[in-house]
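Visitor: I'm new here, so could you walk me through this one and tell me how each label is earned?

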Amino acid sequence: MTPLEYDRTHIWHPYASLKDPPRARFVREARGLEIVLDDGRRLIDGVASWWCVAHGHNHPAIVEAIRSQGEKLCHVMFGGFTHEPAVELAQRLSRIAPPGLDRVFFADSGSIAVEVAVKMALQYQVAKGRSGRGKMMALAGGYHGDTACAMALSDPDGMHVLFEGMMPRHYFAAKPGTPGALESLRRVVEEHADELAGIICEPILQAANAMNFYGGEYLREMRALADEFDLVLVFDEIAAGFHRLGPRWAAEFAGVKPDVMTIGKALTGGHITLAATLASEKVADTISNGRPGAFMHGPTYMANPLACAAACASLDIFASADYAAKTAAIADVFSRRLAPAKALENVVDVRGLGAAWVLEMRSLPSREDIDRVIDEHGVWLRPFGKFIYAMPPLVAGEAACRRIADAMLAMASCPPGPQADGDFHE
Ligand SMILES: *Cc1c(COP(=O)(O)O)cnc(C)c1O
C-alpha cells in the first residue's frame, strides 16, 4: 500500500468519507505563497490554508521562533505554571485588541475559543444571579466551529438536523442582508431576554457558511441590545481578524467594541494551532466575583509555549508592515480581475472585501473540472457549497492575485456539476 492509498482508506480528512474520498494531494513542503507537492509541482495557496497563513508558509522568523523556543521549553502544563511566551503574547494582544479587552484565555483551536466565550457569557449571568440564562442569540448564516457548542451556534440549516440529539438549542436572528434581518435582532432578544446570556456573531463577514458580507449597523444594534438587556456581546473574529478584510479587526468597520472577542486562524501566521478568547475587565471581574469564582475551563495544551512564541513572531511581522495597505492592494486586483465573472451564466454574484473574494454560483462545477483547473493553473482553491472563493495570504502580490483570480474565472466558466451532498462548509 502506498502512503497515499493508506491515507485514503485509514485517515479521515475534513468533511470526507473513508469510502471513495475526494483526492488528497501529497504535500512535500510549503514556502511563501506556494505549496510544493511530492512530484515537484507547485500550487499557489489561494485560500491561505483555510485563511490562517497570513504572511506566507514557513515564514523564516516564525520558524526560527518555534525552533528557538523548542530548545528551551516545548510545553509545560498551565495549571500551576506560567512562562514568558504566554505573558508576552497576552501583553501584546492587549495592546492591539480593541481597548479594554485585556483579559486573556488561551485556547488550542478556534472552536474551543468559541466554547470558552460562551461559557464566559453563561458564568457572567450566573454570577449576577441569573442562572436561567443559558442560551445565546446567534445569526442564521453564521459559522463558529465544529465542536458541539460551536456547531449549535452555527447556521441552523447546516448540521443541526444530523446532530439534533446532542446539541443545545439557541435562538437565531435572520441572516444579515435578508429582508427584516436588522429588526429581527431586537425581536429575538425581546422575546427571549430572560433566557439569554449573550449574543454571538462573525462581524461583517459570515465566512464558512454563507460567505455573506454585511453592514456595521447590525453590530451597532447588537451592541445597543447587549447594553439594554445586560447580555455579553461576543464577536468571533477568528476568520475576519488580523486584516483579512482590511482593518485589523472587522468590528472597526462599525466602531463597536464587544465584551468578548475570539481570535485564532492567523494568530500564529498559520504555523501552529492557537486561539484566544479576550474579555473585558467587566466580564472578567463579574465572573471572578461570582460563584464559583474560577472560570471553568482548562485544556491540556493551554498556552502552549511553541504556539505562543509563534504568535509573538507573527505579531512582529504584522507590526513591521502596513497590512491594511496590502489588503487594499489585494482588493484592487480582485475587484478588477473578477469583474467579467458577472457575465458568466453560472455566476449569481461577485462580491468581496479586503482579501476575501467570492463568486456565488448557481452550482459548483464537477469535482473533475475543479481538479483540472487547479492543476492547469497551479492555483489551490477549495470551493464549497455554492462558492468559489479566494482568501490568499495577505502578502500575495499583484501577479499571484491575478493568477488566483484567473483560476477562479476558469472554474466559474465550467459547466455546473452534479450536486455533491454533505457540502456543509469549507
Ligand atoms: C474557522 C472558524 C472557527 C473554528 O476555528 P477552528 O480552529 O477550526 O476550530 C470559529 N469561528 C470562525 C468565524 C471561523 O472562521
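Guide: Let's start with a definition: a polar contact is a pair of N or O atoms within 3.5 Å, and within protein one must be able to donate a hydrogen and the other to accept it. Keep in mind that this is a predicted model. Between domain 1 and domain 2, 10 residue pairs are in polar contact.

Visitor: What makes up domain 1 and domain 2?

Guide: The domain assignment gives 3–58 + 322–412 to domain 1, and 63–319 to domain 2. Their C-alpha centres lie 26 Å apart. The contact takes 27 residues from domain 1 and 26 residues from domain 2.

Visitor: How many salt bridges are there between domain 1 and domain 2?

Guide: The count is 0. A salt bridge needs a side-chain nitrogen of Lys or Arg within 4 Å of a carboxyl oxygen of Asp or Glu, so no pair between the two domains meets that cut-off.

Visitor: What area do domain 1 and domain 2 bury between them?

Guide: About 2,200 Å², with 69% of it on carbon and sulfur atoms. On the domain 1 side, W51, H55 and L353 lose the most area to domain 2, together 28% of what that side buries.

Visitor: Which residues surround the ligand?

Guide: Among them are W51, G110, Y143, D236 and K265. By class, the shell has 4 nonpolar, 5 polar and 3 charged residues.

Visitor: Why does the pair of D236 and the ligand count as a polar contact?

Guide: A polar side-chain atom of D236 lies 2.6 Å from a nitrogen atom of the ligand, and the cut-off is 3.5 Å, so the pair qualifies. K265 passes too, because its polar side-chain atom lies 2.6 Å from an oxygen atom of the ligand. For G110, a polar backbone atom is 2.8 Å from a ligand oxygen. The protein covers 84% of the 390 Å² of accessible area that the ligand has on its own.

Note on methods: Residues numbered from 1 in each chain as written. Predicted model: local features only at pLDDT ≥ 70, side-chain atom pairs only at ≥ 80, totals over all residues. Heavy atoms only, no water. Near = heavy atom within 4 Å. Areas by Shrake-Rupley, 256 points an atom, 1.4 Å probe, with all protein chains shown as cover. Nonpolar A, V, L, I, M, F, W, Y, C, P; charged D, E, K, R; others polar. Domains from an automatic or database assignment. Contact = heavy atoms within 4.5 Å. Buried area = accessible area lost by both parts, 1.4 Å probe.
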